[in-house]
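Biologist: Got a minute to walk me through this one? I'd like to start with pockets, then move to charges.

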Amino acid sequence: MSEYLIKNGFVFDPTQGIKGDKADIAVKDGKIVKSTEISSKAKTIDASGKTVMAGAVEIHAHIAGPKVNEGRNYRPEDKLFTYTPKGAGKRMAGGFSIPTTFKTGYEYARMGYTTAMEAAMPPLFARHVHEEIKDTPIIDEGAYPVFGNNWFVMEYLKNQEIENTAAYISWLLEVTKGVAIKVVNPGGTEAWGWGLNCLTIDDPVPYFDITPAEIVKGLIEANEYLGLPHSVHIHQNSLGNPGNYTVTLDTLKLAEKFKAKNKFGREQVLHSTHLQFHSYGGDNWGNFESKSKEVMDYVNTQKNITVDTGCVTLDETTTMTADGPFEHHLTELNHLKWANVDVELETAAGIVPYVYSPDIKVCEIQWAIGLEIALFTKDHMRTFITTDHPNAGPFIRYPRIIKWLMSAEARKERIDTFKHGAKMIEATHIAGIDRELTLYEIAQMTRAGPAKSLGMANLYGGLAPGMDADVVVYDFNPNTPHKPDDIEKAFSRAAYVMKTGVPVVIDGEVVNNGNKRTIWVHAKVNENPQVMRDIKDKFLRYYSVTQANYDVSKHFVPNPYVIEVDAT
Amino acid sequence: METVTLTIKNQPTLYLEADTITPDNFSGKKASEIAALHAYEGRDQVTLGKYFEVSGEGGATAEDTRIVVKGNVSRVKYIGMKMTAGEILIEDNPDMYTGAWMHGGKLTVKGNVDAFAGIGMKGGEFVIEGNAGNYLGAAYRGDWRGMQGGVIRVKGKAGSDIGYFMNGGTIIVHGNTDVHVGTHMEGGKIIIKGNAPSKVGGQMVGGEIYVYGGIDVMMPGFKYAQDEELEVDGEKGNFSLFHGDTGERHPKRKGQIVYGKLYLRN
Ligand SMILES: [Zn+2]
């Protein structure tokens with residue numbers, strides 16, 4: 001019976017509409033409870049003069065699995081001079097843009113993040129993903145299997161077989177222990193296997209004769225047919241290309257005719273990830289410019305859509321995506337080393353190191369676009385902070401992004417030291433924006449918003465009684481004068497972090513490895529012999545492994561948290 | 001200038017990682033404070049004093065500090081790592097990573113150095129009176145940013161993969177080298193006064209390699225351009241210039257393609 005009372009902090013909790021009022025948070029047996037429900041023996045944590053929020057929720061990062069590990073393998077230089085030796089209850093940890101699993105857990109926890117989603121799980125290598133998730137301490141994690149270039153999906157959707165698509169999705173979520181439907185460059189990664197790509201939503205996929213638009217619409221329909229907690233989660237076509245914002249708007253508009261149907265309180269039918277990479281104007285890198293305004297003007301009017309930013313942090317990092325053709329394009333741009341992997345029948349992945357330099361105009365503009373997306377947002381329950389870790393920068397930079405969003409002075413300081421500041425200002429809106437986000441809006445973007453979009457608002461992202469006791473105290477007093485750097489410092493090293501009722505971080509240091517859980521979604525559907533036969537057939541004909549060796553068996557997921565969905 | 005003398009008294013069972021042996025770390029410290037500096041033997045943190053007798057004291061700054069390392073240090077790695085100023089004299093044969101990521105000052109080794117000496121070097125002067133091992137003045141594993149500046153001079157011979165991903169600075173080898181010289185080289189200068197067997201300048205984008213002796217097998221991607229009379233390392237000579245590696249991408253400058261330059265002494 002562990003009881004805690006986190007006393008006198010300035011609480012920011014969008015789930016209850018609390019905007020910095022002084023309040024106490026009571027915890028009993030891993031859950032938030034009413035203050036009257038705990039005894040006088042509760043341990044008191046003094047949060048006076050400090051900011052209190054729920055544990056933050058990461059909606060999109062690449063932190064576990066074969067692609068991440070290939071990055072670690074082929075970038076030993078990313079680890080150089082980063083290692084810290086083991087300590088009491090702590091493993092040796094290191095790496096910068098592709099940290100070890102242990103460092104991943106420690107660093108998220110130290111910033112007050114208590115839940116994270118791995119954004120691209122190749123189904124065939126789901127076991128590897130779960131092995132790494134298991135070895136990532138403290139934080140709850142789930143993973144999105146990738147579907148957008150999957151042979152089953154393309155064949156079913158070509159014939160508009162939504163029920164079969166849904167049955168296949170249900171099967172795949174169960175065998176891979178996955179959370180949601182991820183789509184990466186729909187059709188384009190498969191086309192890449194034929195030396196082609198899909199750069200608009202109407203480019204047909206070779207052989208399958210289906211378009212990206214049809215794949216996205218079909219998957220949205222199947223997602224709502226199943227009533228999954230999260231919506232379709234899309235990395236759009238034509239990522240990273242000048243002028244791609246029209247493709248982005250075309251894709252977002254596909255969501256208009258659908259309605260969310262689920263029991264989790266989720267309102268959107270499409271989550272569009274790392275929007276920064278998809279909000280580009282111009283038609284080459286010379287006249288490259290921001291189209292964040294055009295994209296956000298549309299997003300602001302559509303309750304059917306949630307987005308995350310994919311902010312460029314201006315670091316040396318490692319890009320990695322299931323968008324194979326994009327990574328090839330990138331290595332031809334920067335001439336740095338390239339790794340590419342094909343995942344039979346399902347997907348592919350590419351990896352290229354990238355240096356986002358404040359001396360390069362394009363990088364400066366990318367930096368601006370990421371922040372503009374957040375600053376142009378009207379409803380911060382629908383726009384979330386990400387760096388598409390590690391693609392636009394490492395997740396450890398979230399506190400710096402929060403600083404830039406909360407302080408026009410910090411943005412100006414950054415712009416003033418850019419090499420091409422004047423040209424960057426011409427191609428973007430950032431210099432004309434004086435908006436400064438509030439801590440409440442930051443709590444929406446990093447807690448309540450992503451939790452709601454994931455359909456996990458009953459568990460995560462808030463401090464209402466009944467929710468998981470993921471509580472964070474930051475040494476930041478919103479009511480006293482401060483410098484922009486104080487924001488970054490406070491959010492980098494939380495004063496106190498509790499994960500499901502267990503104190504895991506004190507004064508910025510990890511003190512406990514917590515009770516890490518793996519979240520997955522069990523979607524029950526009617527028996528579907530045709531799909532089961534198709535699966536058996538594909539394994540016999542094409543897969544290099546047998547069906548019996550495909551399933552992520554229980555020992556890979558030792559502490560599961562299963563979200564049940566009934567679509568029968 | 002103050003001199004600190006380190007004399008090895010106990011050999012480590014495993015290898016000793018002693019990157020604290022630099023003028024930067026020793027300056028402003030007395031012998032007892034130097035003896036208390038940390039090093040690693042395997043996973044155990046140890047002190048320099050466990051292995052070395054320390055005499056003398058550091059100068060006020062790194063620049064005013066000279067370190068003399070005496071005795072058998074063949075199990076000691078990372079001496080002089082990241083040093084920015086001052087001097088180190090190693091009288092015997094140190095192990096790997098000697099002078100790695102060196103920024104400045106002067107590092108002299110009387111004997112031989114093992115692999116990865118002077119990797120990622122940015123500046124300063126590094127003299128090896130004996131032989132050097134593999135990956136001399138190379139990039140760290142995986143990195144595409146190798147040696148950036150400074151001078152490495154080897155009086156004896158050198159191993160394979162020297163100047164791998166070199167971007168700047170100079171490596172001079174008075175004797176022969178092993179295979180793979182200046183692979184992926186983008187800048188800087190490698191001068192080999194002896195022979196280099198093969199794989200010289202593979203995937204070279206820019207920079208200069210001089211070979212005074214012979215190359216047994218030339219890379220197929222090099223094309224003869226012209227003969228040139230040049231002064232190299234203080235002496236005049238006649239060289240045949242080859243452009244390469246033509247199998248690699250090359251930048252253009254003022255409308256002209258920039259190649260790596262391989263000079264063979266006639
Ligand atoms: Zn991503």
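Modeller: Sure, terms up front: for lining classes, Ala, Val, Leu, Ile, Met, Phe, Trp, Tyr, Cys and Pro count as nonpolar, Asp, Glu, Lys and Arg as charged, and the others, Gly among them, as polar. This is a predicted model, where local features need pLDDT of at least 70, side-chain atom pairs count only at pLDDT 80 or more, and totals for chains, interfaces and linings use all residues. Residues are numbered from 1 along each chain as its sequence is written, chains are lettered from A in the order in which they are written, and side-chain values use heavy atoms, with hydrogens and water left out.

Biologist: OK, what volume does the largest pocket have?

Modeller: About 840 Å³. Of its 21 lining residues, A:Phe81, A:Tyr83, A:Thr84, B:Glu17 and B:Tyr40 are the closest to the centre. A pocket here is an open set of points on a 1 Å grid over the protein atoms alone, where a 1.4 Å probe fits, with protein on both sides within 12 Å along at least five of seven lines; lining residues have an atom within 4 Å of a point. The volume is the space filled by probe spheres set on the points, which are joined across faces, edges and corners.

Biologist: And how does the lining of the largest pocket split by class?

Modeller: It has 12 nonpolar, three polar and six charged residues.

Biologist: Switching to charges: how many salt bridges over all chains?

Modeller: There are 40, counting a side-chain nitrogen of Lys or Arg within 4 Å of a carboxyl oxygen of Asp or Glu.

Biologist: Which residues does A:Glu77 pair with in a salt bridge?

Modeller: One partner is A:Arg75, with the closest N and O atoms 2.7 Å apart. Another is A:Lys337, at 3.1 Å from N to O. That second pair links distant parts of the chain, 260 residues apart: A:Lys337 is in the loop between helix H10 (324–334) and strand S16 (339–343), A:Glu77 in the loop between helix H1 (66–74) and helix H2 (101–110). Helices (H or I, at least four residues) and strands (E, at least two) are DSSP runs, numbered from the N terminus.

Biologist: Is A:Glu77 buried or exposed?

Modeller: Buried, because its relative accessible area is 8%, and buried means under 20% (exposed is over 50%, partly exposed in between; 1.4 Å probe, protein chains only). A:Arg75 is buried too, at 0%, while A:Lys337 is partly exposed at 24%.

Biologist: Which residues are linked with A:Lys31 in a salt-bridge network?

Modeller: A:Asp140, A:Asp468, A:Asp470, A:Lys499 and A:Arg517.
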